[in-house]
Every structure is written in C-alpha cells, then in structure tokens.
Amino acid sequence: MRPSISRRSFVAAAVATAAAATGVAAGAGPAEARGGVARVTGNSRVDRLLAVMTLDEKLSMIEGQPENAATNEYEAGYLAGVPRLGIPPLRLSDGPPGVITRRDSTGMTSTMALAATFSTADAEENGKVIGRDARSLGQDLVLEPFVNLDRDTSWSRGFNTYGEDPLLTARTGAAVITGIQSQGTMAQVKHYIAYDGGNDVVVDSQTLHEVYLQPFDAAVKAGVTSVMSSYNKVNGEYASHNAYLLTTVLRGELGFKGFVTSDWGANHGTTSINAGLDMEMPGGGGPSGVSITPYFTKEKMKAALADGTVTEATVTRAVGRILYQMDRFGLLTGASKHTVTPLKTARNQAVLLRTAQRSATLLKNKNGALPLNASDLGSLALIGAGAGQTIATNSGGEAAGGLLGEQTSALNALRARAKNARITYAVGGDLTGSPVPASALGHDGAAGLVRTTDGATRTDSVLDFTTAGGDALPPGTAATWTGTLTVPTEGDYWLNIQALGATGKLVVDGRTLTTVGAGFGAAPRYGVVHATDGNAPTATTDGLANGRTKVHLKAGPHTVSVTAAPDVSGAPVQIRLNWVTPEQAKADHDAAVAAARKARTAVVFVWNTGSGDLSAALPDDQDQLVADIAAVNTNTIVVLQANQPVALPWLDKVNAVLDTYFGGDQAGVAAADILLGAVNPSGRLPFTWPKDISQEVAHDPAHPERSSKGVDGVTTYSEGINIGYRHFEATGQTPLFPFGYGLSYTTFRHDDLRVAHSRDGGLDVTVTVTNTGRTEGTDVVQVYLGAPRQAPSGVQFAPKALAAYERVTVKPGRGRRVTLHIAPRQLRYWSDKTGWTLATGPRDVLVGASARDIALSRQVNITGR
C-alpha cells in the first residue's frame, strides 16, 4: 500500500527536486543574492516555486484550459495547475448569486434583494452560503460579487447589482466577500470598472474615484482574492489593457495584492499582461457554442517574449500573484478540494429564509390591507403562477437556479400556516400548459410524429416522455420528432418545449422558437440542463426545464420539429411538447377574475425576470390580469417579483403592493410569512423607482450621451457623481418611490439628533428611534450628507449622499438610541492634484427613512482637526 503524503510535503519535495536540477537552493530565503531565490512575492514558498517553474509551466498558469472530461464539473473556468510541482488545478465557478456547475445548488436570494436588507450581517451570511456551496461542489473560486452600479435600470445586467448607491454597494459587496472567503473559497469581485451598460465609457477622475471605485476599494479592504476586468473601454482604453486602472489605481492607490482575471473574452492581446492583467479566461477552455479568441496561449506569449513586447519577468509576476493567493487559501498545502460532497442544505436554507423575509419591500399599504386578517383568510383568492409555484430566482443565466425540493410555494405555506383559511387558487396564466394532444399531431396524412433515433424510426402519438409518467427515454438518447402541428383556430399559442437530461429544440414552420437548456450554443452552458434553465421564470410544475414561446398561428397544419440532445448528466431523457391554446389562456384568465370576484380579498402574484424598462408591460399580459381583478375586487393586493423598477399602471387600483424581488428557494415561505404578519416587512429600495424612464440619468432625453447606447457608441458620464437619487435631487424631479423607501406594519419616529466628531476623523450620528405603532418592527435609519456650504472650486458635490445606515428593531411603544458612523472617506472628495481631500466647513447631516423622507437635520462644521 502506497503511504499517504500531504500536499505540503509533496510541494516541498517537488520544489527541492526541481531546485536541485536547476541549481537553485530550495531553502534559500527571499533576500538570497547570486544563486538564491529571487524575491517576487515575498512569500518564500511561492518564490521557490517560481524559481523552478519552466516557462511552459508559468504560461499554463495564466490561461484558462478545458478540464478533463473525466473530472469536469462544467464550471466557468479552469486552470490545470502544475502536477510536477504539486500545484493543484484551480476551478472558477460562475455567479452571482450562488454557485453554478453541473450540479444543482442553493437558489440564493437575488443580489438586489440582498441589498434591500440594508444589512451587512445578512450579506456576510449569504456570502457564507455561497462559500459553503462552492466547497461542497469542489470549486475554488466564485465569480462574485457583482459590484457595478445600477446606473441604467433598462440595462440587461442591472438586476444583478446591489443598486445605485456606491456606499450601499460597497458595504454589501465587502460583506459578501468576507462571508465567501471565511469558508475557504476565493472571491472574485467584478466587473472592474464603470461596467454599467455602456461599452465605451468616458468618466472623469473625481466621479471614477468617488462613485465607481468605492465598491472595489471596499472589496480590496475586505481582502478579496481576485478582481475581474470588464469588457468595456474606459476613457478610450479597454479595461483589461488599462495600465492606469489596473496598476496605478488598483494596485498603487488601493493596494490590491491579488490577481486580475479578464472577463470571459475581455482580453484583446498579449500586452495586457504589461498593464496588469494576470489571467485570461476562458483561454482555450471557452464555453461550448461561443468563439473567443485566446491571447495568452503559449504560442502567442512566446512570440511576444521573442519580440520583446512582453518579458518573462512580467509573466513570472503574474503567476506569482496567482500562486500567492492559492497559498493564502491553503491550496498549495493540502486545502484543495475537488470532490463533490453534500450541500449544507438545512443551514443554508435558514439563511435564505431570513434574507427573503428581511428584504421584501412594502411599496403600498392602503388602509392597512396587509397583513391579512381573519376576514381576509376566510375568503381569499390567491392568483398567479408565482403563488402556486416558487419563482425562486430570475431563472437561468449566471444565477444558480435552486433546489426544487426545498421550495414550498406561497399557496402551500399559507395553507400550512393558516389551517382554517378558505383559499381559492387560480393560476391566471399557466406557465406549464398541457401536452399537445394526439389530435393535433400528424405526419404525411397519418397520426402522430415520426421519431428518429440512430437511424431507426417509429411513430409517437404524443410527445410526452417523463419520469413521472413512467416513460422517460433511456439516458443518452438523441432523437428528432418531425411532422405537423394542426391548430384548430387562429390565435396566439404558447408552445412549450420542456426537457431534463437533454436539451430540447423546437422548430415550427422552419423557425426555431427556442432550445430549452441550451447555453451560448446548442449544448448546455454548464454541462447539464437544470430545471430552471428555460426562459420561463421557473420550472414546470413537475420539475422540467421550460422553454416557452408565444406565437401567432393560423388555423391548419404547421410543420414542426423537436430535437432532443442528451446532456452529460447520465439521467433519463425527459422531453415534452406542451401548449396553452388561446381558448385555454382566456379560460385561465376568466377563472382568475371569477375567483377574485367571489373572494373578500384577492392576492395576485406577478413577476418580471427582465430589466427594468418602464416603457414595457409585465410579461404574459399580467398587467391586464391585475387590472381585471382589481375591477371586480376592491381589496386587491399585489405581490410583485422584480429586481428592477417596472411600470405599475394599476397602482392606484390596488390596496397594497409588496415587492419580494426574487427570494431564492425560500421565497414562497417568506411571502406567506409577510402576508400573514408573522414577519413585518423591513426591506428598503436599493434604487430609485422613477415615474417614467425619462427621469433616469441614462434616459434623460436632453443628454443622449449619458445613455448606454451613447453618441457614436460612446457613453459619457456627464452627470458626474449624480447617479440615481442624487440625479433626482440635482434636477428637482420627484420619483414614484425614492431610494431607501419601504413601509412597515408599524410606524417610527426619529428624535434627538446629535452629531459628534469621531477619533478616526469621521462623524458619529446618534438618534432615538421610537416605534409609534402596535407591533414590533425594524426601521432602517439612513444618514445623508449634504454638500458643503462653501464647496471648493471645480469640485462637484451631490445635493445629498448616503453616508451611513443601520437596521434598528424596536418593540411597540419603545425607543432605542442608536449611533451610526460616517467614515472619513464620506467627508472627502477626490482631486488629481491633492488626492483624497477633506471638504471643510459647514455641512448638513440629514436623518430620515429614505432619500426623500428626511425627519431631522443638523449642521456640523468639518475642520479636519
């Protein structure tokens, strides 16, 4: 039996052997001169490794490669390591939020919901869940948090941010990093920098430092392992090639000691390594279906070394930064874990429930419509797919889809918690549909579709093969069905291709409608089809990935083709062709309205998984559903699932609106708890909710240069530091709901404001929070800083800027004294001439419940002493 040997011992032995072969003393200290080990990182273990690595080995550490099929977990990125020297592989997993591989994993509360808690404690706990999942799933590094700002709510990735405020984003992101890395998992903060919708961004130095850099500064102070450079250009230079940003600012000003990784395909040449890029992803290990040109290949880098545009010392420096962090996390001394072990499910789900409960934001509550009382529960209509199923996440993309077995719907949670309630459920808009019947399927004048598998053909009367039905196809089955779909009447049909264990491609009349489970190409992005990998907001009611397309069809036959291509899961192939006919859609809608008409109270669940384009209606005619229900029931309540502002044309017609964002696996339970009053809502908006999209800084018709599209492709941040609510204050506009807004089932009063200078050069703000209502609740005290009365020439200040915040839980009729700290940075401004400079003189300290609801103010004189 071969004796076991620790990685620490193996690395030491490997280094000693290699050192002997190259004439370098393995035990040489960092200060060794001739014949010694050059000091590259200051870490003796790492510097010794660098001294004995071949050029090819170094180059293998700066470019992503594909993982061996036998071990591949289909993470986003992979480095093979250097087996000769005991350097293990490095796995990089996608997000946020959560951990995405071929395995199912925890469905996290959305990033915007996490920001809505205004809680660094909750952020850290969510980070721990991510870190634990990564370790369980054999991953080393997670590509999160996402700390860009929600400058343009219509941007397709804005929902993944922590909102519009740099301080809230900075504190939330730093806490998530602390949580992730406390579990032995590396965190990679992204995307550096000004990646907020525009592809070619011009931003002045003060704005860059004070607004867009603040979250990255906080990440560095939290000890983040890695920084991901963004796709966009910043002031004329690609972010991955920008020496000023990567070296002067990130390493020089912020003191970053980790490694910089390109976003997938954001590198554009070999010389980016000179600017400060250390690792190219995905390199040669790119995701299936997309062509990304690698530049850090051995061939290209050796050519750059030969022509002198890159030096080996620069390559060594990059490798040193990577190895330094690997050693920091113990990966060079035995802590590397690439086995898959069970998730810490019970522990993780408790965190998700708490976060979902604390993030939900009550936007309207006319006449105390919420919480539901005994009369409401005696005659309650619950309407919407999101009530009957848990819509845990915004589905697919780079967010972990969740664990269906842990998801209890709001409907079931309400019935379990209020056992005597009389609840009628109506789906309103059916996401799953029903199998297309045999009467609608045919081929060449005969019944059924022709299935072709490995050259053999047979006829299937319906396309409905599932495990639940007992007729799932064998693992690895690749099949195509062809024939005709005959629709009885002209109209809008939902055609759904649903699958698990394989992707499913649906083609009608020669047009591909969707390929459920596909990634960038035909194959799944992460190796397998997850149940939430469809374009529907959640899986089917029986747990298949659901690809839906609404298509107008004339009565009569239409050619149809369905293709199933197996994934790598080895699971039985389930595939089904479902539909919702125009007649069934109308019947579902009418049944929901009828249920609402008969009930005392109607609670309608609606969703929007897209961006916050206020000019667009909610998908699936949900606005009309709400309007029709409100017309027949004067006590209509809306539970909204949206990470961004959406149009609310029915707002004046309903009594209450609760935005739960996407609460993760426990979203349904949390919603039920809040509706019943078991939990008092305490979330606050991390963004400003405009009345119209033209109010936003990126959609101001007077400033087209500010748009993500820009002018001639260039987006200019001409608003300077006035992003989000600052823009509304500067322009005197009134939003629908202000930043920091959120109602409670109780009321609060703020009194006795005191402001004192603190020893660190900041300010301590003390205020009494009194609960003036009848139930315990949590207030989010927000401190804003006004502009200096005598602003320095040429320096921009926001009319008010968030400077501190704190959650405060108070029992009814009681008061609590709370002190909030304004950090010195919040009192300073950036100047290229003087660096961070204290803004002296009188300033207002404002305390309130939102950016617009200011209850107290006090002037303080900033002296710098």
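Select the hairpin of strand 30 and strand 31, which has five residues between its strands, and centre on Gly761, where phi is positive, near 95°. Strands here are DSSP runs (E, at least two residues) and helices are likewise DSSP runs (H or I, at least four residues), both numbered from the N terminus. The model is a predicted one, in which local features need pLDDT of at least 70 and side-chain atom pairs count only at pLDDT 80 or more, while totals for chains, interfaces and linings use all residues. Residues are numbered from 1 along each chain as its sequence is written, and side-chain values use heavy atoms, with hydrogens and water left out.

**The sheet around strand 31**

Extend the selection to strand 30 (residues 748–757), which pairs with strand 31 in the antiparallel sense over eight bridges; two strands count as paired if DSSP finds at least two bridges between them. Two positions mark the register: Phe748 stands opposite Asn771 in strand 31, and His750 has Val769 as its bridge partner.

Val769 also leads to the next strand, since its bridge partner in strand 34 is Arg816. Strand 34 (residues 815–822) runs antiparallel to strand 31 and is joined to it by eight bridges. Displayed together, the three strands form an open antiparallel sheet in the order 30-31-34. Strand 30 and strand 34 are the edge strands, each pairing on one side only. Neighbouring strands of this sheet are turned by 20° against each other on average, direction ignored; such angles are taken between axes, which are lines fitted to C-alpha atoms (for helices over the stretch in contact), and run from 0 to 180 degrees between N-to-C directions.

Now colour strand 31 (residues 763–771) by accessibility. Eight of its nine residues are buried, so the strand is largely enclosed by the rest of the structure. Buried means under 20% relative accessible area, exposed over 50%, and partly exposed in between (1.4 Å probe, protein chains only).

**Helix 19 and its surroundings**

Select helix 19 next: ten of its ten residues are buried, and the helix is mostly covered. Among these buried residues are Gly668, Asp673 and Leu676. Show the elements against which they pack: helix 13 (345–359), helix 14 (374–378), helix 16, strand 26 (601–608), strand 27 (636–642) and strand 28 (656–659). Just after the helix comes Gly677, with a positive phi near 85°.

Keep helix 19 (residues 667–676) and add helix 16 (residues 410–417); the two pack at an angle of about 50°, with their axes 8 Å apart. Helix 16 is therefore oblique to helix 19, given that angles under 35 degrees count as roughly parallel, over 145 as roughly antiparallel, 65 to 115 as roughly perpendicular and the rest as oblique. The crossing is right-handed; that is, the near helix is turned clockwise from the far one by less than a right angle, whereas anticlockwise would be left-handed.

Show side chains at the interface. Ala410, Ala413, Leu414 and Arg417 of helix 16 meet residues of helix 19 that include Gly668, Ala672 and Leu675, contact meaning heavy atoms within 4.5 Å. The residues of this contact comprise eight nonpolar, one polar and two charged. For this division, Ala, Val, Leu, Ile, Met, Phe, Trp, Tyr, Cys and Pro count as nonpolar, Asp, Glu, Lys and Arg as charged, and the others, Gly among them, as polar.

**Helix 2 against helix 12**

Move to helix 2 (residues 44–52) and helix 12 (residues 312–328), whose axes come within 9 Å and cross at roughly 140°. Helix 2 is thus oblique to helix 12, and passes it in a right-handed crossing. Arg45, Val46, Leu49 and Leu50 of helix 2 meet Thr316, Val319, Gly320, Leu323, Tyr324 and Asp327 of helix 12. This contact divides into six nonpolar, two polar and two charged residues.

**The mixed sheet**

Select strands 8, 7, 5 and 29, which form an open sheet in the order 8-7-5-29 with mixed pairing. Its edges are strand 8 (237–238) and strand 29 (715–716), each paired on one side only. Within the sheet, strand 5 (residues 200–202) runs parallel to strand 7 (residues 233–234), joined to it by two bridges. Asp200 stands opposite Lys233 in strand 7.

**Leu149**

Finish at Leu149, in the loop between strand 3 (141–142) and helix 6 (166–182). At 1% relative accessibility, Leu149 counts as buried. Beyond its neighbours within four places in sequence, its contacts include Thr161, Pro166, Val211, Tyr212 and Ile723. Gly197 lies 48 residues from Leu149 in sequence and 9.5 Å from it in space, C-alpha to C-alpha.
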